[in-house]
There are 4 protein chains.
Amino acid sequence: MTVRIGVIGTGKIGRDHTRRIQQVLSGAEVVALSDYSAEAAKAVQRDLAPNARVYETGEELIAASEVDAVLVCSTGSTHEAYVLAAIAACKPCFCEKPLATTAEGAKRIVDAEVASGKRLVQVGFMRRYDAGYVALKRAVTEHTGAPIMVHAAHRNPSVPEQYVTPMAIHDTLIHEIDVFRWLLDDDYVSARVTFPRTCAKSHAKLRDPQIVTLTTAKGVVINTEIFVNCQYGYDIQCEVVGEAGVARLPEPMAVQMRLGAKLQNAILTDWKDRFVASYDVELQDFIKAAAVGTASGPSSWDGYMAAVTSDACVAAQEVEGAAIPVTSPARPGLYS
Amino acid sequence: MTVRIGVIGTGKIGRDHTRRIQQVLSGAEVVALSDYSAEAAKAVQRDLAPNARVYETGEELIAASEVDAVLVCSTGSTHEAYVLAAIAACKPCFCEKPLATTAEGAKRIVDAEVASGKRLVQVGFMRRYDAGYVALKRAVTEHTGAPIMVHAAHRNPSVPEQYVTPMAIHDTLIHEIDVFRWLLDDDYVSARVTFPRTCAKSHAKLRDPQIVTLTTAKGVVINTEIFVNCQYGYDIQCEVVGEAGVARLPEPMAVQMRLGAKLQNAILTDWKDRFVASYDVELQDFIKAAAVGTASGPSSWDGYMAAVTSDACVAAQEVEGAAIPVTSPARPGLYS
Amino acid sequence: MTVRIGVIGTGKIGRDHTRRIQQVLSGAEVVALSDYSAEAAKAVQRDLAPNARVYETGEELIAASEVDAVLVCSTGSTHEAYVLAAIAACKPCFCEKPLATTAEGAKRIVDAEVASGKRLVQVGFMRRYDAGYVALKRAVTEHTGAPIMVHAAHRNPSVPEQYVTPMAIHDTLIHEIDVFRWLLDDDYVSARVTFPRTCAKSHAKLRDPQIVTLTTAKGVVINTEIFVNCQYGYDIQCEVVGEAGVARLPEPMAVQMRLGAKLQNAILTDWKDRFVASYDVELQDFIKAAAVGTASGPSSWDGYMAAVTSDACVAAQEVEGAAIPVTSPARPGLYS
Amino acid sequence: MTVRIGVIGTGKIGRDHTRRIQQVLSGAEVVALSDYSAEAAKAVQRDLAPNARVYETGEELIAASEVDAVLVCSTGSTHEAYVLAAIAACKPCFCEKPLATTAEGAKRIVDAEVASGKRLVQVGFMRRYDAGYVALKRAVTEHTGAPIMVHAAHRNPSVPEQYVTPMAIHDTLIHEIDVFRWLLDDDYVSARVTFPRTCAKSHAKLRDPQIVTLTTAKGVVINTEIFVNCQYGYDIQCEVVGEAGVARLPEPMAVQMRLGAKLQNAILTDWKDRFVASYDVELQDFIKAAAVGTASGPSSWDGYMAAVTSDACVAAQEVEGAAIPVTSPARPGLYS
């Protein structure tokens, strides 16, 4: 059976997911497109999915009988309504991050999904599908003993002026927030932020770098450096320290060269290249679950927990050094 | 358009390629299966391709109007006849190695394909599609300057008793033979074999390890160690030395751990894991070309050159230290 | 000119330094020995310095006209008095850590040395002489741009029961406290301690691991993990993040091996092996300065600053999460 | 006891060894200097050894009663006569490579030393004292199982025009020739040379690079790439493949940096820096043995074997591809 997919939002990521479904992945086909710019939707139709129908609104696309499952790739503020509509229509729905722009919005989705009685939503936290993190999780489970500390870094060469301090949480740390919950199989209980001196390349409205300390219910302490003007590259580092040993996230594959008095290999500079393979894996996973009418992988509960944690981290930015509690309600059975 | 594929030979590799086409790759579907054991073909039909038809013979499958393209995954001695039949039927054909069991057989395929006027055959040299070799080739092209030497190793933990000395060429070195021609964009002119003392774990009919020295038309010298009782793992090493620098094939992705007084990461032990991702890429490439009625990637000319070179290497095993010429006829324009 | 050295305290480290002077280093000779156990002093005399004279007390040794310079290797509580006596005698004095058991004691030494008008004291902070740290400091100075953060770890396989929580500062972190002041050319302004859950292998009176966060006058934030039951080895890690790049302390030299499905190299397990070469370098440096009647390298001011910082760290252990100020008086011109 | 050393030849290496003895090492003193340029000898006397006496000839220096041991650092063609004179005087003698300019000359030294009845000569093969090779030898002995193959490279950024093809053996490979005999505890039986195309940067009288294949009595095959115009750095590589695993010579200590989209560390470019620490160790070893009237480390037999092997390698350069036998007489008991 081929899963018939409707894509809402045909900007960069919507176009890219359409290409994936049409040219790379197995078992699905894009049959519907929608964008607030009809032109954009038609361009993707023309380039990648000539048999797809273009809908005027996301709501119509979700309602269409020819659509089995939905991809929400539109601008963040529209996610909540589309996801709720997909749940109402009982159609599996892949939603790019953020699930909603507020924790309350994410909670409404959780409630609706719980009421529906089954998993229907996958959130686009692609790192869980990255071969490196998957291997790291296995190493931690099988070799290092129970985790006690995580040392991590999320570095970006530079950011534009509109990138302000809270975005370091909402747009950058958000990936660590989700992937460490999954990696450690744990929940956060507090967040603290430490600011070193701001780097020379930063902007007026951005305190960069910063170190976010998350503690978990099991007592793990996670220090993550966020440094978005690091100049040298896009670099994701993660080291887990356990009872019996230490494991590190693998560096991206690179050819080691000896050139000009340097033993060297390239570091990526564009974040889009870092986890590119994991987008294929997450969407294939969505297709597989959608084929039987459900969803797996990062859930709306995970999206909700990420929102709650982000809010605590942003609050922690505002009172440097203070430990801000991360409070989470009981986890519904659907997500256990 | 969905390419309708017929698979001849439903043993391990035929079953695996069927799974790939049905569950992983885009743009194709297995519609026909054939095996000398009808039971085997039916098992694959049942497990992976319920809509496929099982044919009694490969010839019938090739001739079937519902089949657009053919995968030859049967035992090596049958390859030549099936590939010639596919060419005669003007159907794109992916043939697992070896293209033929003799250089003459491979030459007959080349001649038939040239007579057909277009590329129809892709040989299953998957290493050309490995991300590591692709990155290495780019590093050599862009950074190290023109190649002068290659130092390589092909190591396997152990081999069964039926693995005899010439198989180190036909079954093992064959991959290096092809991938270095591609990596260097060059042709071989001679082969020499050096035997160190045979290792303690070797068998009576196997001189292991051995070092094969290939020289190319451009003057590159390639030393490849073949060691199939190395005990410690399946390990493929390749270093290219150019005019301005040196580049190494990346090691497979692995989590670095600190455990028990060792900084360590796993080395693979099963050859099937080493290039597993490249099988997906090579078959997707075949599907893409087959959709427009042709073939790309490793050609029957490459398969023929590999056969000619293998023969020279086996001859070189028999007169240790002697340089055996590798003679190749002019390359037909179809393959330029 | 040969510097005539008197060694006070002939236990493990005193014996080892005597061996160094007698058998490895250039320009000095051990002419006097003293220990609270006369037997111990005589044993070192017999084994390593037959021409040395054994004195009953350290004070007599310091006063002896044949002694040009003094090594204080006795138990920590005796250091202050011996160093003050050496300063009073105007003799260069190498003092193993700690310079004194209290910050006040260290301050008395500083005051005496300042009053003497010249550098006479070198404290045994050997890491400043380690080739790895020296190379790291050069990398930071020449390549990474001004430092902003340091991520460090000090790990030990296990500790005995008498090792209690404050010893993680006084005996373990003390080396990082000194070497980072030197590496960054900076002073500390606050200390904070975070405790993850205590590891399973820890003892009743030890909270292990812990993370100490030091901030500096220039705004650098240093996170150092102390984990003295890490099981896997003695491991010192240090990464400096600067305005333009990142530099890491080199791992100790080790042979990379491929064995038993692992790419591996040894990690040290005994702290005594980690900086063994730097003891030679620090003592040769002491001899060189003593030959001209003075001292260089880590000063009594550095020892004092280490004591002040240690006290703040121990205070920080007692109020987890609180930033404890590190206050230091103005630096005397002698140490600028 | 302080060993009183006379240094013959006060050029670069003689001056450097004098500095070592005077300022770095323990247990010796330079008391005599000699050079064909009296000015040069006096300059070293003035700068480094004011108490040393300058002799007009090496012969006088060797004969002087105040000289306990001799360092021969003069031009290569004079080594044989000085070493023979030192043996005749029964004084321990450290001789920089080559021991003699011909195998016959080296043999005469061996014969004289054997006749003297004890070891008196140490040849300046410093790599045996390099911490990396020492660790590699231990890894091979303890972990990899009996060696079967060695893959090595000796690369230099560039060479002047007077560096002609045979110098690749006499001046460059000579170090590998000695260190591999020691590493493997084995003797050579044949040498073969393979020439890839000559690199673009080479000179008219130099075929560069080249690959020298040495086989040993125990059946080990050693391939060493010599590439003296490699551009990128001075780089020494060595991998030993044994029955159970593989071990690599450690890279020189270097700070890993992340800068400008590159994960990088420096590669040395000057050969003098590569084994600089091993010069200290070899001379300290000489002093220690000289103090008891003998010599240890690389012997005149090793120097003779290196000469015999070099001659075979140069002969092999002249008949590319041919295996030239390396014949060695029985080893005298003195060197067993």
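These legends walk through several views of the predicted model shown above.

Local features here need pLDDT of at least 70, side-chain atom pairs count only at pLDDT 80 or more, and totals for chains, interfaces and linings use all residues. Residues are numbered from 1 along each chain as its sequence is written, while chains are lettered from A and ligands numbered from 1 in the order in which they are written.

**Figure 1. Chain A on its own.**
Start with the building blocks: chain A has 10 helices and 15 strands. These are DSSP runs numbered from the N terminus, with helices being H or I over at least four residues and strands being E over at least two. The radius of gyration of chain A is 20 Å, close to the 20 Å from the globule rule for 336 residues, so chain A is as compact as a globular protein of that length. (That radius is taken over C-alpha atoms, and the rule is 2.2 Å times the number of residues to the power 0.38.) Along the principal axes, the C-alpha atoms of chain A fill a box of roughly 55 × 55 × 45 Å. Of the 336 residues in chain A, 56% are buried. Buried means that 20 or more other C-beta atoms lie within 10 Å of a residue's own; 12 or fewer makes it exposed, anything in between partly exposed, and the C-beta atoms are placed from the backbone. Now for contacts, meaning residue pairs whose C-beta atoms, placed from the backbone, lie within 7 Å. Among the contacts in chain A with a separation of 6 or more, 72% link residues 24 or more positions apart.

**Figure 2. Two domains in chain A.**
Domain 1 covers 3-125 + 278-299, and domain 2 covers 128-271 + 306-335; such bounds come from an automatic or database domain assignment. Their C-alpha centres lie 27 Å apart. Where they meet, domain 1 of chain A brings 18 residues and domain 2 of chain A brings 13. On the domain 1 side, α5 (103-116) and α9 (276-290) of chain A each supply at least two residues. That side of domain 1 has nine nonpolar, four polar and five charged residues. For these classes, Ala, Val, Leu, Ile, Met, Phe, Trp, Tyr, Cys and Pro count as nonpolar, Asp, Glu, Lys and Arg as charged, and the others, Gly among them, as polar.

**Figure 3. Chain A meets chain B.**
A turn of 180° and a shift of 0.0 Å along the axis lay chain A on chain B with an RMSD of 0.0 Å. That is the relation of a two-fold axis. The copies are superposed by least squares on the C-alpha atoms of residues with pLDDT of at least 70 in both. Both copies use the same surface, as 100% of the contact residues of chain A recur in chain B. Each partner's share is easy to remember: 24 residues of chain A touch 24 residues of chain B. Which element of chain A gives the largest share of this side? That's α6(A), with seven residues. By class, the chain A side holds 15 nonpolar, seven polar and two charged residues. Look too for β13(A), which runs antiparallel to strand β12 (residues 245-248) of chain B and is joined to it by four bridges. Strands count as paired if DSSP finds at least two bridges between them. In this pairing, L259(A) sits opposite G245(B).

**Figure 4. Chain C meets chain B.**
Here, 14 residues from chain C touch 14 residues from chain B. On the chain C side, β13 (256-259) and β14 (262-266) each supply at least two residues, and β14(C) gives the most, with five. This side of chain C has six nonpolar, five polar and three charged residues. Strand β14 (residues 262-266) of chain B runs antiparallel to β14(C), and five bridges join them. One pair to find is K262(B) with its bridge partner A266(C).

**Figure 5. Some backbone oddities.**
In chain A, the peptide bond from K97(A) to P98(A) is cis, with omega near 0°. P98(A) lies in the loop between β5 (93-95) and α5 of chain A. Chain B has a cis peptide bond joining D208(B) and P209(B), with omega about 0°. P209(B) is in the loop between β8 (188-194) and β9 (210-216) of chain B. D185(B) isn't a glycine, yet its phi is positive, at about 50°. You'll find D185(B) in the loop between α7 (167-184) and β8 of chain B. D185(B) is exposed, with 12 other C-beta atoms within 10 Å.

Notes:
Contact = placed C-beta atoms within 7 Å.
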